[in-house]
Each structure stands twice: as structure tokens, then as C-alpha cells.
Amino acid sequence: MPKLELTKHKGSGQWRKRIGGVDHYFGSFTKVPYKKALREMRLVQLQGKAKGELKTVSQLIDRWLEAKTHEVDIGQIKTVTYQKYESVVSLFGSVAGQAKLDNMKGEWFRKIQKAGADRWGYHKQRDLVTVVRMVLSWGADEELCQPVRIPKSFRKPTGPKESHSKALDEERWVWTPSELRAVRKALRGSRATYLEPCFLLGLNCGLGNTDISDLRWSHIREVEGVMVMMKPRTKTGRERMVPLWPETVEALGDRGRGIVFRTKGGLPLVGENRRDALGQNFKKAAGKPFYGLRHMFFTIGSQTGDAEAVRFMMGHAPKGMADHYTLSPAWSLPRLTKIISHVRKWWIR
């Protein structure tokens, strides 16, 4: 049995947790469900009600991860995002965990950067700098510690050196029309029957792995006589609408309820612990990452000269003031249909 974070205090009959050396109570354990009491306990931790400031980096990291766990519970971030944070912040803690927060000097930040450079590549090193800044800033905002001065030298690497292997890596995202046609033909015979409709949604709508995994039948609807996909992008929360090709509608088949795609075991395509059935099975069948379809949708769709509408369809965050003022109804179906028709013509021919 896993160890409970809250204990039953028989003297008071309530759920209890010692936080910062002080006992806190969260309602009767005969009346208040454990999960509800647990949420209340985490709110106490998040609001900084525990007495005394944190002393070490390790203590701050633990508190920050607790806050991120709470954000997962209430749906503010996904489990995969938490796991990404956890993997990066572990190096921060292993290098500087015992450092005193009131004595974080430039030497500590140089050690963190060196450890990241020794272990990881360019992109993970950038994540490390971002997460370290997030943790320290959060601690000061929550009044759990005094603000830590971060030296200017602690910054993200400027960019990876170009190399032949880098060029080959970039080519993984590029598809030619003939490759796309061959992939669709191969997917029709796949045991994973969801691969062909997912392929068409990726190229038709610019959907990524997680958005397709979260797609529900309620997101597929008819607007002005046209079948469209209307689903906010998970990462940005931005509304979007994309008309569907006849091939996409046909591949989706009869309308169902709930989540559109599941594995044979009944699980979502993308789940916890970096499980990505869609990405793995598609890579085996096609030889390239599924996310490359989103790249191609943006690349070919932008050839119409209507980059603003393409960004709307992809759910990108606003780039300029004009995007803040443009409301979803302003994106007319004829304008959106022009883009998806151009992409369809490019690869089907």
C-alpha cells in the first residue's frame, strides 16, 4: 500500500499534515473524502502558510514540484509536462541541492551549466536554464525565500553548431507528395487502424500527437454544411476551426461518442510516462515522425499568402496585436477552405 500524505489524527478525528513544523487539519476523516482533504493540504502548501522560509535549494525544489503536482491534478498542466520538468530539475537538485538560497553565487550557476553541458544536448540545456529560473522566481513570488540574484552569464546556449547530422535531423520533418501518398497506401493495411485517419488529420488540420489523442467526437461537427474540426489547441488553449477533406471524413468512419481514437487496450494514444502509441507506430510504418505532418501543413498552407489564417488553424499563440483583436468568427469558411484545398491539391495531385 502506498504511504498516505495525510494521516488520521484520532484525537481530533481529522486528517492531519505537519507542514513546516506546524500541524494542519483538513476536516473529519469520516466525512471529508481523502482526495478533497489532500487538495486542501496542497493549497496550504501553495499559499505559503507553512511557517518559516525555505533554507536550501533542495527544499525549494521539493515545494515547487508539489505545486506542479497540484497543477496536474486540477488540469493546468499535463502529466507529460510535469515529467519533463521533473527530469530537468533533478539535475539542478543533484548539483546545487544543498546550496543555501541566501548564498547562491555565480559559482553555483556555473556548476549547473557545466553539468548540463556534460550530460545533455542543446535543447535540454535550454530547458535547464528555463526551469532553474522558474523555480527560483516561483520561490520568491510565493514568499518562500528571498529573491535570488541570477547572474547574466546564466543564459541559454546561443545555438547548436551546424553539422551534417543536424541537417539530416531536419530532413526527418520534410515530406514530398510522393512520400505522403506512399505512406497513406501503407497505412491502409496496418493493424493499427487508427493510423490512416490520424495521418489525414495531421496533414489536413496540422494536429500534433497530443491533440489527436485528446480529440473527441464532439470536436467533429458540421458548420454551414461543411464538416470541420473545432478543438482548442491543448498547449495554448487557442480556439481553431479547420474544414475537413472528404478523405478525412471517410477515414473517420461512423460517428461515435467520447474520445475518437484509442489503442487496442482501450488507452488514449498518448499517455503518462512518455507513452506515445501514435508516434511509435507511425514511425515504424512511415519512417518519419508524425509531428512532421504538422510542419508540412504550416509550410504548404502558408504558400497561399494567408499566414494569419494558417496560424489560427494551427492554434498558435498570438504573434502581434492584430491577432489579439481578431475574433474566431472573423475566420470565414471560404478563407479556411482555400488553405486546406491548396494543401490537398499539393499532395494528392
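Begin at the second largest pocket of this predicted model, which has a volume of about 240 Å³. To find its middle, select R191, A192, T193, Y194 and R262, the residues that lie nearest the centre among the 15 that line the second largest pocket. Then add the helices α10 (246-252) and α11 (277-286), each of which supplies at least two residues of this lining. If you colour the lining of the second largest pocket by class, you will find nine nonpolar, three polar and three charged residues.

Next, move to the largest pocket, whose volume is about 1,300 Å³. Select V80, T81, K84, T210 and K235, which lie nearest the centre of the largest pocket, and then extend the selection to the lining as a whole, which has 26 residues. Three helices to show here are α3 (79-96), α5 (122-141) and α9 (209-214), since each of them supplies at least two residues of the lining of the largest pocket. Coloured by class, the lining of the largest pocket shows five nonpolar, nine polar and 12 charged residues.

For the last stop, stay with helix α5 and select A140, which has its place in that helix. Is A140 buried, partly exposed or exposed? With a relative accessible area of 23%, A140 is partly exposed, because the buried class takes in only values under 20% and the exposed class only those over 50%. Finally, show C145 and P147, with which A140 is in contact when its neighbours within four places in sequence are left aside.

Key: Residues are numbered from 1 along each chain as its sequence is written. This is a predicted model: local features need pLDDT of at least 70, side-chain atom pairs count only at pLDDT 80 or more; totals for chains, interfaces and linings use all residues. Side-chain values use heavy atoms; hydrogens and water are left out. On a 1 Å grid over the protein atoms alone, a cavity is a set of points where a 1.4 Å probe fits but cannot get out, and a pocket is an open set with protein on both sides within 12 Å along at least five of seven lines; lining residues have an atom within 4 Å of a point. Grid points are joined across faces, edges and corners, and a volume is the space filled by probe spheres set on the points. Helices (H or I, at least four residues) and strands (E, at least two) are DSSP runs, numbered from the N terminus. Ala, Val, Leu, Ile, Met, Phe, Trp, Tyr, Cys and Pro count as nonpolar, Asp, Glu, Lys and Arg as charged, and the others, Gly among them, as polar. Buried means under 20% relative accessible area, exposed over 50%, partly exposed in between (1.4 Å probe, protein chains only). Contact means heavy atoms within 4.5 Å.
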